[in-house]
Amino acid sequence: MHTIRLRRPWLRSVDSQPPPDKVDVPDTLPPAAGGGAVVTYRRAFNRPTGLTPNDSVCLSIAHFTADSIEIRINDTLIYQSDRTEPIRLDMTAALRPSNQLAITLTAGECPTTVLDGAVTLEIESIDP
């Protein structure tokens, strides 16, 4: 398996208020956001080169703090949950040459809403 770490540059917006902040992920400086806050992390990336029909590309999120999460790739919702466990999603079919990833975290009772774990692309070859 080959892993690509998606660190910087991420744009973080709180409750859709401009301008977004440039941050690293894992985010070590969470925004001051109260209950009900919506925090969105966005990052552009290119489709990994050299993929074969036997390769899969999975998005992995090690940790986040929020009451719910939505993940969009190129404005298409690919995951939505109110569970807070690590996430691993096959997103091979959704990839384009140039991609926009958006991870939206919503706080309910959570005092902090933050993407505080590593976000990676994991490339695996599937044996035919």
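Reader: How does Arg-8 count at 44% relative accessibility?

Author: Arg-8 counts as partly exposed, because its relative accessibility of 44% lies between the cut-offs of 20% and 50%. Please bear in mind that the model is predicted.

Reader: With which residue does Arg-8 form a salt bridge?

Author: The general idea comes first: side chains of opposite charge can pair when their charged atoms come close. In this structure Arg-8 pairs with Asp-24, and their closest N and O atoms are 3.3 Å apart. Arg-8 belongs to the loop between strands E1 (2-5) and E2 (10-14), while Asp-24 belongs to the loop between E3 (21-23) and E4 (38-46), so the salt bridge ties together parts that are 16 residues apart in sequence. Asp-24 counts as partly exposed, with a relative accessibility of 41%.

Reader: How many salt bridges does the count come to?

Author: The count comes to seven. One of the others joins Arg-88 to Glu-124, with 2.8 Å between the closest N and O atoms. This pair links distant parts of the chain, since Arg-88 is in strand E8 (residues 87-90) and Glu-124 is in strand E10 (residues 119-125), 36 residues apart. Both partners are partly exposed: Arg-88 at 42% and Glu-124 at 29%. Another salt bridge is formed by Arg-83 and Glu-85, whose closest N and O atoms are 3.1 Å apart. In addition, Arg-12, Asp-21 and Asp-27 are linked in a network of salt bridges.

Reader: In what order do the six strands of the open sheet stand?

Author: Strands of a sheet pair through backbone hydrogen bonds, either parallel or antiparallel. Here the order is E3-E2-E4-E9-E6-E7, with antiparallel pairing. E3 and E7 (76-81) stand at the edges with a single partner strand each, so one side of each is left without a neighbour in the sheet. On average, and with direction ignored, neighbouring strands of the sheet are turned by 20° against each other.

Reader: Which strands pair with E2, and over how many bridges?

Author: E2 pairs with E3 over three bridges, in the antiparallel sense. E2 also pairs with E4, again antiparallel, over four bridges. Leu-11 illustrates both pairings: Lys-22 stands opposite in E3, and Arg-42 stands opposite in E4. E2 and E3 form a hairpin with six residues between them, and Asp-15 in the turn has a positive phi of about 50°. Further along the sheet, E4 and E9 (residues 98-106) are antiparallel partners over nine bridges; Val-38 has Thr-106 as its bridge partner in E9.

Reader: Is E2 mostly covered or uncovered?

Author: E2 is mostly covered, with four of its five residues buried. Ser-13, found in strand E2, is buried with a relative accessible area of 16%. Apart from neighbours within four places in sequence, Ser-13 is in contact with Pro-20, Val-38, Val-39 and Thr-40.

Reader: Which residues touch the most other members of the largest nonpolar core?

Author: They are Trp-10, Ile-61 and Leu-115, in a core of 29 residues. At least two residues of this core come from each of E2, E4, E5 (55-61), E6 (68-73), E8, E9 and E10. With neighbours within four places in sequence left aside, the contacts of Trp-10 include Val-23, Tyr-41, Leu-101, Ile-103, Leu-115 and Val-119. Trp-10 is also in contact with charged residues, among them Asp-21, Lys-22, Arg-42 and Arg-43.

Notes
Residues numbered from 1 in each chain as written. Predicted model: local features only at pLDDT ≥ 70, side-chain atom pairs only at ≥ 80, totals over all residues. Heavy atoms only, no water. Salt bridge = Lys/Arg side-chain N within 4 Å of Asp/Glu carboxyl O. Buried < 20%, exposed > 50% of the residue type's maximum accessible area, 1.4 Å probe, protein only. Pairing = 2+ DSSP bridges. Axes fitted to C-alpha atoms, helices over the stretch in contact; angles between N-to-C directions. Core = buried A, V, L, I, M, F, W, Y, C linked by side-chain atoms within 4.5 Å. Contact = heavy atoms within 4.5 Å.
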